[in-house]
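Trainee: Could you take me through one part of this model in detail? I'd like to look closely at the metal site and then see what lies around it.

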Amino acid sequence: MALLQIRKYPDAALKQPAKPVDNIDGSVNAFLDSMAQTMYAAPGVGLAATQVGDNRRLVVLDTDHEQPGKHLLKLINPQIVEAEGSILWEEGCLSVIDFTAEVRRAAKVLIRAWTPEQKEIEIEATDLQAVAFQHEIDHLDGKLFIDRISRIKRELYRRKLAKMLKEGKSNGQRPTSVRI
Ligand code: NI
């Protein structure tokens, strides 16, 4: 199975809101498997279909570093049904090169989604997993974590990125925080 190409900011595809999936068939599951392989290879702990140029509401997520693959979640039409508390987390993203920033998110969320087995499930998440769910669902809504930081920080990143792209290189530093 070929790895999918991850779109990078400022690719316009990242701003496209995704559409709900109304038919869960084998091709959806196969695509989720390709997304998971792409996520692990990157490496990252979450990936939304939006990031690979697909406009379906699909997300893969695995925040368990100890046993990769064991707790892989392949989710269809995920949504936040409850959110509480507040947490500040240093986020990075597979679609935003060479940049991390602290983002405020709900500390605890309840997610409802469909599985490839056509079951509707609910997942309660805290900490990194809660952050990752919110980050991925943002992707499905055409939003990046840099849309949630101050305008001045975003502008500084934009300039730095423009300079890096002009020079044809990134600074080679990989973010130390996990990318979602
Ligand atoms: Ni991301």
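Trainee: Let's start with C93: does C93 count as buried or exposed, and at what relative accessibility?

Mentor: Keep in mind that this is a predicted model. C93 counts as buried because its relative accessibility is just 1%, and the cut-off for buried is under 20%. That cysteine is one of the ligands of the nickel ion: C93 gives its SG, H135 and H139 each give NE2, and I180 gives its O, with distances of 2.1 to 2.3 Å. Read along the chain, the donors follow the spacing C-x41-H-x3-H-x40-I. Take C93 and H139 as a pair: C93 sits in strand β4 and H139 in helix α2 (residues 127-140), 46 residues apart, so the pair links distant parts of the chain. H139 is also buried, since its relative accessible area is 1%.

Now for the geometry. The 4 donor atoms subtend angles of 87 to 149° around the nickel ion, and that makes the arrangement irregular. The cut-off helps here: four donors count as tetrahedral if all angles lie between 85 and 135 degrees, so the 149° end of the range rules that label out. For reference, the ideal angle for four tetrahedral donors is 109.5 degrees.

Next, follow the strand that carries C93. β4 (residues 87-93) runs antiparallel to β5 (residues 96-105), and 6 bridges join the two. The hairpin between β4 and β5 passes through 2 residues. If you want one pairing to click on, try E91, whose bridge partner in β5 is A101. In a regular strand, side chains alternate between the two faces of the sheet.

Further along, have a look at K119, in the loop between β6 (108-114) and β7 (120-126). K119 counts as exposed, because its relative accessibility is 55% and the cut-off is over 50%. Setting aside neighbours within four places in sequence, K119 is in contact with A113 and W114. The C-alpha atoms of K119 and I76 are separated by 9.9 Å, with the two positions 43 residues apart along the chain.

Last stop, helix α1 (residues 26-41). Its 16 residues reach 23 Å from first C-alpha to last, close to the 22 Å expected at 1.5 Å a residue. V28, F31, L32, S34, M35, A36, T38 and M39 are buried in α1. The cover over those buried residues of α1 includes β1 (46-48), β2 (58-61) and β3 (73-84).

Key
Residues numbered from 1 in each chain as written. Predicted model: local features only at pLDDT ≥ 70, side-chain atom pairs only at ≥ 80, totals over all residues. Heavy atoms only, no water. Pairing = 2+ DSSP bridges. Helix = DSSP H or I, 4+ residues; strand = E, 2+ residues; numbered from the N terminus. Donors = N, O, S within 2.8 Å, 3.2 Å for Na, K, Ca; no water. Tetrahedral: all angles 85-135°; square planar, octahedral: opposite > 155°, others 65-115°. Buried < 20%, exposed > 50% of the residue type's maximum accessible area, 1.4 Å probe, protein only. Contact = heavy atoms within 4.5 Å. Expected span 1.5 Å × (residues − 1).
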